[in-house]
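Hi everyone, thanks for coming. Have the structure open and let's walk through it together.

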Amino acid sequence: MGERTDRYRSEVKALQLGFDLGMTLVDTAEMYGEGRAESLVGEAIAGRRKDIFLVSKVYPHRATRSGVLTACEQSLKRLKTDYLDLYLLHWRGSTPLAESFEGFLQLKQQGMIREFGVSNFDLDDMEELAGVPGGREVFTNQVLYNLTRRGIEWDLLPWCRDRKMPVMAYSPVEQGRLPAQMDAIARKVNASRFQLALAWLLHQDRILVIPKAASEAHVIENRKALDIQIPEQILAELDALFPPPRNKSPLEIL
Ligand SMILES: NC(=O)c1ccc[n+]([C@@H]2O[C@H](COP(=O)([O-])OP(=O)(O)OC[C@H]3O[C@@H](n4cnc5c(N)ncnc54)[C@H](OP(=O)(O)O)[C@@H]3O)[C@@H](O)[C@H]2O)c1
């Protein structure tokens, strides 16, 4: 979002429609459109900041002790707010985690962020957290997770569940490329394949689901996914079409 001026107005409207329908978590990053997505979100949330759970992310190369403070200040300026609800390290780079977390802890102390977390961290990265100052305060891990990408169910997801850590599922509708074979199953619950994919994630504990929808029709359709109950039989059919993992695979990234 925010990358094309001709779509700017309709993207702001799509976000605001989502808020009106109760979808009040917004996920953005300094990387998206090199700041333009944050500026667009800033406009969309104007006047309703307190109703929004605002998430942004810092580039790994900026996530040094002092770099993270500058990056956050710049994000806040674009978002026209004075705090983030959650600030994530976008992926793991070469900066030692202890340094990034020192910056995050300082931001937290200053009230510029409420919580911090990580993104695209595999299990071995998560296991390192306990030994890093600030690592135990990591609030969430945002990773690629949808019906067609179930690898994290092998180890990463159970690990987070054991620790009661929410997982944020990004690209939950596989960037609009869910397979047509899902349609026959989706019809049985009067849903589209996109709604079924979202409902499947939402029926699980502690999964935060962040579909991107720039069109109002998609926003409305996605909101309705919250009301879909998936019977056991449908879950079994989905497992047959998209089998859960049978061994460890590296974390996928988009
Ligand atoms: N941490 C990370 O490294 C990372 C990586 C990727 C994404 N993310 C986050 O996750 C969010 C979502 O991921 P994503 O954009 O990659 O993938 P996505 O949400 O799975 O898919 C977005 C695409 O699906 C389309 N779509 C949405 N709802 C639909 C529906 N009901 N029917 C048909 N098509 C529909 C959208 O179209 P329209 O826009 O035209 O409505 C858009 O083209 C991003 O916005 C970002 O915040 C994070």
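Let's start at one small spot: right after helix H2, Gly47 has a positive phi of about 85°. Helices here are DSSP runs of H or I with at least four residues, strands are runs of E with at least two, and both are numbered from the N terminus.

Before I go on, a word on the model. It's a predicted one, where local features need pLDDT of at least 70 and side-chain atom pairs count only at pLDDT 80 or more, while totals for chains, interfaces and linings use all residues. Residues are numbered from 1 along each chain, as its sequence is written.

Back to H2, residues 36-45. Is it mostly covered or mostly open? Mostly covered: seven of its 10 residues are buried. Buried means 20 or more other C-beta atoms within 10 Å of the residue's own, with exposed at 12 or fewer, partly exposed in between, and C-beta atoms placed from the backbone. Among the buried ones are Leu40, Val41 and Ile45, and Glu38 is on that list too. The cover includes H1, strand E1, strand E2 (53-58) and helix H3 (67-79).

Now zoom out. The chain has 10 helices and seven strands. Its radius of gyration is 18 Å, close to the 18 Å from the globule rule for 254 residues, so the chain is as compact as a globular protein of that length. That radius is taken over C-alpha atoms, and the rule is 2.2 Å times the number of residues to the power 0.38. Buried residues are 37% of the 254.

How is the chain divided? The assignment gives domain 1 (1-139) and domain 2 (141-254), with bounds from an automatic or database domain assignment. Their C-alpha centres lie 23 Å apart. The contact takes 21 residues from domain 1 and 17 residues from domain 2; contact means C-beta atoms, placed from the backbone, within 7 Å. On the domain 1 side, H1 gives the largest share, six residues. By class, that side has 11 nonpolar, five polar and five charged residues. Nonpolar covers Ala, Val, Leu, Ile, Met, Phe, Trp, Tyr, Cys and Pro; charged is Asp, Glu, Lys and Arg; the others, Gly among them, are polar.

Last stop, the ligand. Which residues come nearest? Of the 23 around the ligand, they're Tyr170, Gly176, Phe194, Lys212 and Ala214. Helix H9 (residues 216-224) supplies the largest share of the shell, three residues. Each of the two domains gives at least three residues to the shell.

Definitions and conventions. A residue is near a molecule or strand if its C-beta atom, placed from the backbone, lies within 6 Å of it. Two residues are in contact if their C-beta atoms, placed from the backbone, lie within 7 Å.
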